[in-house]
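Open your viewer and get ready to click along. We will go from chain to chain, one selection at a time.

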Amino acid sequence: MDVEGEVPAAAAAAVANGLGGAEPSPAPICAEQLDVEAYAAQYTGRTRLGRLLFIAERCGVEAVELEALRMAYDEIKRGEDTMFHRDVALKIKARLGPRYLLDQAWTDSINRRAEQRKEKLESELNGYRTNLIKESIRMGYNDIGDFFYAHGHLSDAFKSYIRTRDYCTTSKHIVQMCMNVILVSIELGQFPHVSNYVSKAEQTPDTLEPIIVAKLRAAAGLAYLATKKYKLAARKFVETGPELGSNYSEVIAPQDIAVYGALCALASFDRSDLKSKVIDNINFRNFLELMPEVRELVNDFYSSRYGSCLEHLEKLKPNLLLDIHLHEHVETLYMDIRHKAIIQYTLPFISVDLNTMAAAFKTSVSMLEKELAALITENKIQARIDSHNKILYARHADQRNATFQRVLQTGNEFERDVKSLLLRANLIKHDFNQRAGQRKM
Amino acid sequence: MESVETLVAHIQGLSGSPEELAHLHNLLRQADGESLRAHSAGLLPFLAQLNPQAHSLGFLYLLEAFASSASNLRAQGGGDFLVTVAEFLISCSADQIRLAPDKFLCACRMLKNEVIQLNAPIRGIAPLRAAIRKIQTSSEELTPIHADYLLLCLLAKQYKAGLSILEDDILEVDQPKDLFLYCYYGGMIYVGLKKFTTALEFLHNAVTAPMSSLNAISVEAYKKYILVSLIQNGQVPSFPKYTSSTAQRNLKSHAQVYVDLASCYIKGSYSELEEYIQANADKFQSDNNLGLVKQVLSSMYKRNIQRLTQTYLTLSLEDIASSVQLNTPKEAEMYVLRMIEDGEIHATINQKDGMVSFHEDPEQYKSCEMVEHIDSSIQRLMALSKKLTSIDENILCDPAYLMKTGRERGGRFDYDDFDSVPHKYF
């Protein structure tokens with residue numbers, strides 16, 4: 001009863017967050033599909049909390065929202081991040097009963113302990129610095145970084161980790177520093193730093209452990225994804241080694257690698273790349289096995305069963321919209337994949353019946369015609385539409401005519417340019433320029 | 001002081017050989033100024049005693065002296081006098097008038113002013129055309145009369161008459177103002193004939209000509225350049241890098257309404273463009289560009305229809321109307337029809353079911369005419385590139401150029417420059 005009364009308030013809260021209001025449409029579909037608990041189990045550390053809160057904000061269904069918030073609350077209580085705790089408690093708004101309220105006593109005790117610990121760490125660090133022992137200073141900064149990270153002061157953590165850089169003596173230390181910085185940067189959403197430190201880590205002289213390599217690949221992929229370089233992102237994801245497993249659960253789950261890699265690859269790779277780098281890639285196949293749906297849709301796409309491929313995609317969409325990294329790219333990637341599918345569908349034919357094609361893509365003829373017209377205008381499909389008979393005809397450019405046309409045009413342009421050039425040269429030669437200045441206006 | 005009678009007698013006697021003419025020219029120059037001007041009002045009857053062809057030089061001096069006084073023109077001007085001047089310009093001897101080009105230009109300008117004042121610009125066209133040919137030393141030379149002539153053609157709406165001199169390539173220019181006016185008027189004449197590519201060339205020259213300070217002619221030319229670019233190409237190219245920095249910096253701010261029009265056009269929405277034009281109609285009107293602006297507006301339909309031909313093989317008139325934002329299929333049919341007639345698209349309309357089928361360009365580049373056309377292009381370009389080579393050689397031999405390039409190398413030549421024989425031969 002209490003819960004029912006809260007429904008409008010939840011909607012209002014969603015609107016106030018500015019997120020629920022913006023995307024109200026996908027909300028109802030996802031509720032039954034997403035198993036929040038199973039989803040959260042894939043991750044550890046702060047990313048789990050971040051993802052839970054993201055889901056709570058975006059899903060728009062109160063049951064799921066509260067479930068996510070409850071799990072986040074429990075998780076936070078085990079950690080030391082008091083700010084997170086306050087956030088979540090405010091979001092819950094006492095909807096989960098008295099057990100889930102803002103726990104002031106807990107907060108105070110944590111804060112007090114944190115203050116003491118911070119002082120201790122800082123005095124230790126000062127001691128190391130006066131003794132000028134490099135390794136100890138590095139450890140000191142590292143500890144302070146860890147401390148800040150645990151308490152949610154991300155930018156302070158970032159600064160401390162960066163400071164360890166001057167005191168790194170072996171490549172192992174450098175790699176550790178890079179991994180710390182990458183982790184914090186991803187949380188902060190500072191993706192330029194991520195790619196920067198990934199390349200720093202890769203440049204260390206010693207050969208890296210396979211797990212580290214896989215982690216770096218995944219992080220680089222995320223960075224490219226965030227900057228909308230889908231092709232590069234796809235490369236990085238499909239290159240990620242199977243050693244990753246669940247070892248990088250504080251950032252990304254292997255299932256995510258499969259989804260991100262597959263979607264980016266579908267949107268940006270050509271057919272041969274898709275075959276060699278995705279479908280025949282043994283490493284990546286391990287990831288795809290984790291997500292049978294994604295594997296199916298990649299295979300569907302490659303064997304030109306676009307209808308079922310697009311259907312799978314639609315099914316996945318609500319969940320992907322709740323993914324913290326992928327959500328803002330879903331629409332673009334889907335659009336690209338759809339366009340690629342249309343282009344590939346038309347490629348082998350001289351003429352295509354639009355009715356058949358519309359059926360294959362599960363859309364109406366007039367919608368398909370519009371999409372095709374847009375693609376033709378962008379010069380992505382070499383074809384023309386017979387709107388009367390609803391047939392698409394491939395257009396083979398007549399090389400000979402095109403060459404004639406271009407030659408004549410180039411000739412005309414050359415003639416025009418040279419003439420005006422001669423005229424200007426003559427004007428300058430006689431220095432009219434100067435005189436013009438004195439005489440006119 | 002000689003009387004006008006003796007002067008006329010001299011003119012009649014000394015208009016034969018070049019030596020005599022030189023002597024006569026001296027006499028005339030002495031007589032010019034006070035003495036001739038003093039009698040200027042009474043000179044008209046003497047003109048009748050002279051033959052414009054045989055005594056061109058003398059005739060010119062007397063004519064100019066007469067016309068230099070505005071009161072004379074007011075009293076005697078109009079009808080017969082203009083006929084006399086026109087006849088003189090047509091029949092005068094080119095060798096003689098080139099001795100006094102300034103006087104000749106004055107006479108031409110006087111004629112231009114007179115016919116404009118009489119509101120009969122068409123009467124000045126033939127004499128001025130003859131005058132241009134007489135005073136030109138080569139067809140590449142731009143004379144001050146060019147601009148006057150084109151102005152008369154424009155005023156009389158005799159655009160085709162203007163072509164006879166516009167088709168010559170101009171390379172030699174004496175006064176920059178002449179060039180700007182020539183390019184501006186020339187562009188307008190081609191706009192009048194709807195030959196927009198050539199018009200663009202002329203206006204382009206007016207905009208990109210070297211200038212150290214901005215002038216009103218190039219500003220007006222730039223406005224028209226924007227409009228014609230939109231009609232012809234659907235976009236305005238940015239300034240080429242050889243444009244003077246003055247023009248690059250200032251032109252846009254002087255033609256802001258037009259620059260905004262161009263950016264509005266690129267958005268591709270007809271209604272938005274129409275709204276913008278209506279909001280600024282009085283500005284366009286005051287620049288006398290409203291007609292062109294309206295053509296810009298209707299060119300948007302054409303451009304959109306042309307784009308459809310790239311995409312569709314057949315399309316119903318209704319779909320055309322809806323995709324280019326025309327109100328009715330009937331209007332769309334009119335546009336398509338007109339474009340087919342103008343050769344801008346290749347299509348057929350099937351009126352029975354209201355379908356338009358678009359075709360590929362039927363030109364196969366196989367016909368004799370096409371081969372001739374290509375051949376003539378090749379010949380022209382070869383001549384042009386020969387000219388370029390010779391100019392290049394001239395520059396390479398130019399002492400000033402060598403001095404400058406020599407100085408840039410530090411004024412010294414390396415030892416290697418002189419040592420042309422390789423050492424291994426020793």
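Two strands pair if DSSP finds at least two bridges between them. Keep that in mind for the strands later on; note too that this model is predicted.

**Stop 1: colour chain A by confidence.** The average pLDDT of chain A is 81, and 90% of its residues score at least 70. Now select residues 1-32 of chain A, where the pLDDT is below 50; beyond near neighbours in sequence, this stretch has 28 contacts in the model. Do the same for residues 433-441 of chain A: the pLDDT is again below 50, with 17 contacts beyond near neighbours in sequence. Where pLDDT is low, the predicted coordinates should not be read in detail.

**Stop 2: show both chains together.** How many residues does the contact take from each chain? It takes 41 residues from chain A and 52 residues from chain B. Together the two chains bury about 4200 Å², and 60% of that lies on carbon and sulfur atoms. Highlight Pro210(B), Thr311(B) and Tyr365(B): they supply 15% of the area that chain B buries against chain A, more than any other three residues.

**Stop 3: look for charges and polar pairs.** Two salt bridges cross the interface of chain B and chain A. Select Arg380(B) and Glu415(A), whose side chains meet in a salt bridge at 2.7 Å, N to O. Between the chains there are also 12 residue pairs in polar contact, both residues at pLDDT 80 or more.

Which element gives the most to the side of chain B that touches chain A? Select α23(B), residues 368-396: this helix gives 10 residues, the most of any. Coloured by class, that side of chain B has 24 nonpolar, 14 polar and 14 charged residues.

**Stop 4: follow the strands.** Start with β2 of chain A (residues 383-386), which runs parallel to β3(B) and is joined to it by two bridges. Here Asp386(A) stands opposite Thr314(B). Stay on Thr314(B), and you will find its bridge partner in β5(B), Ser357(B). Three bridges join β3(B) to β5(B), and these strands run antiparallel.

Next, select β4(B), residues 347-350, which pairs with β5(B) in the antiparallel sense over four bridges. Which residue stands opposite Ser357(B)? It is Thr348(B).

**Last stop: the hairpin.** Zoom in between β4(B) and β5(B), where four residues lie between the strands. Click on Gly354(B), which takes a positive phi near 70°.

Technical notes. Residues are numbered from 1 along each chain as its sequence is written. Chains are lettered from A and ligands numbered from 1 in the order in which they are written. Side-chain values use heavy atoms; hydrogens and water are left out. pLDDT is the predictor's confidence in each residue, from 0 to 100. Contact means heavy atoms within 4.5 Å. Buried area is the accessible area (1.4 Å probe) that two parts lose on being put together, summed over both. A salt bridge is a side-chain nitrogen of Lys or Arg within 4 Å of a carboxyl oxygen of Asp or Glu. A polar contact is a pair of N or O atoms within 3.5 Å; within protein, one must be able to donate a hydrogen and the other to accept it, and residues adjacent in sequence count only if both atoms are side-chain atoms. Ala, Val, Leu, Ile, Met, Phe, Trp, Tyr, Cys and Pro count as nonpolar, Asp, Glu, Lys and Arg as charged, and the others, Gly among them, as polar.
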